[in-house]
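This report goes through the side-chain pairs, the sheet with its helices, the nonpolar cores and two individual residues. It is meant to be read beside the sequence and the structure shown here.

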Amino acid sequence: MSDPARPDVWICDFTDADDRAAFVHLMAEFAAEPVSASPQLDAAHFGRVADDLARRPGTLVLLAARAESEETEGVLLAFEGYSSFARAALFNIHDVHVTPAARGVGLGTALVDALCEIGRGHRHAKLTLEVAASNTGAIRLYRRLGFTGLDGVPAAAPAGATYFATRKL
């Protein structure tokens, strides 16, 4: 039984209709947000992305929901990579999205924490990510979770700027 105060996080199973539908919905929602600026990427597009990811080795998609919720409310998409300096695998976080109604309750933290746990279990060296300078909520989250490389991000960053961040495992 899960802790009611802690969000539930699980690995997306693209063969499960509910998991697949949740992934498609959350990614289309994310694409339509101003920080993503890609409203043309609709559910049909992300249905095809789900097909692609299901066949792609080294892909990990996590889903999350508050224990009391009947809907999946968060998604994290990561890919395995390799650090030549650490001589070890790593996870690159490609996308993290929490539906607006569920923000601020720990879903983003729970998703990243779950990825850290999986990475440590597989002896990965670190997590990496890129974040848009305009995504101030994500930058706050990543700083709080111990990612480095975001300290010099100015409050008014140049349009289109992205920043690279890492977190050792």
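## A salt bridge within one helix

R55 and D52 are joined by a salt bridge in this predicted model, with their closest N and O atoms 3.1 Å apart. Both residues belong to helix α2, where they stand three residues apart, or about one turn of the helix. R55 counts as exposed because its relative accessibility is 62%, a value over the 50% cut-off, whereas D52, with a relative accessible area of 44%, is partly exposed.

## Salt bridges between separate parts of the chain

The structure holds five salt bridges, and two further ones are described here. Side chains of opposite charge can pair when their charged atoms come close. The side chains of D51 and R20 meet in such a bridge, at 2.8 Å from N to O. Since D51 lies in helix α2 (residues 43-55) and R20 in helix α1 (residues 17-32), the pair ties together parts of the chain that are 31 residues apart in sequence. D51 counts as partly exposed at 33% relative accessibility, and R20 likewise counts as partly exposed at 24%.

R6 forms a salt bridge with D113, and here the closest N and O atoms are 3.6 Å apart. This pair links distant parts of the chain, with R6 in the segment before β1 (8-11) and D113 in helix α3 (residues 107-121), 107 residues apart. R6 has a relative accessibility of 38% and therefore counts as partly exposed; D113, at 25%, also counts as partly exposed.

## The sheet and the helices on it

Six strands form an open sheet of mixed pairing, in the order β1-β2-β3-β4-β5-β6. Its edge strands are β1 and β6, each of which pairs on one side only. On average, and with direction ignored, neighbouring strands of the sheet are turned by 25° against each other. Strands β5 and β6 run antiparallel and are joined by seven bridges; V131 has Y163 in β6 as its bridge partner.

Helix α3 packs on the sheet and touches β1, β2, β3, β4, β5 and β6, while its direction makes about 140° with that of β2. Helix α4 lies across β4 and β5 and runs at about 155° to β5.

## The nonpolar cores

In soluble globular proteins, nonpolar side chains tend to be buried together. In this model, the largest nonpolar core has 31 residues, and those with the most contacts inside it are L76, L115, Y142, F147 and L150. The elements that give two or more residues to this core are β2 (59-65), β3 (74-83), β4 (88-98), α3, β5 (126-132), α4 (136-144) and β6 (162-168). Helix α3 provides the largest share of the core, namely six residues.

Which residues does L115 contact, leaving aside its neighbours within four places in sequence? The partners of L115 are L60, L62, L76, A78, F91, I93 and L127. Apart from the core to which L115 belongs lies another core, of 19 residues, among them V24, L26, L63 and L77.

## Two buried residues in strands

S83 has its place in strand β3. With a relative accessible area of 6%, S83 is buried, since the cut-off for that class is under 20%. The side chain of S83 reaches the backbone nitrogen of A86 at 3.1 Å. When neighbours within four places in sequence are left aside, S83 is in contact with A88, L90 and K126.

T166 is found in strand β6, which is an edge strand of the sheet. Is T166 buried or exposed? Its relative accessible area is 18%, and T166 therefore counts as buried, that value too being under the 20% cut-off. Not counting residues up to four places away in sequence, T166 touches L127, T128, G146, F147 and T148. Two of these partners can be placed further from what was said above: F147 is one of the residues with the most contacts inside the largest nonpolar core, and L127 is among the residues in contact with L115.

Key: Residues numbered from 1 in each chain as written. Predicted model: local features only at pLDDT ≥ 70, side-chain atom pairs only at ≥ 80, totals over all residues. Heavy atoms only, no water. Salt bridge = Lys/Arg side-chain N within 4 Å of Asp/Glu carboxyl O. Helix = DSSP H or I, 4+ residues; strand = E, 2+ residues; numbered from the N terminus. Buried < 20%, exposed > 50% of the residue type's maximum accessible area, 1.4 Å probe, protein only. Core = buried A, V, L, I, M, F, W, Y, C linked by side-chain atoms within 4.5 Å. Contact = heavy atoms within 4.5 Å. Pairing = 2+ DSSP bridges. Axes fitted to C-alpha atoms, helices over the stretch in contact; angles between N-to-C directions. Polar contact = N/O pair within 3.5 Å; in protein donor to acceptor, adjacent residues only side chain to side chain.
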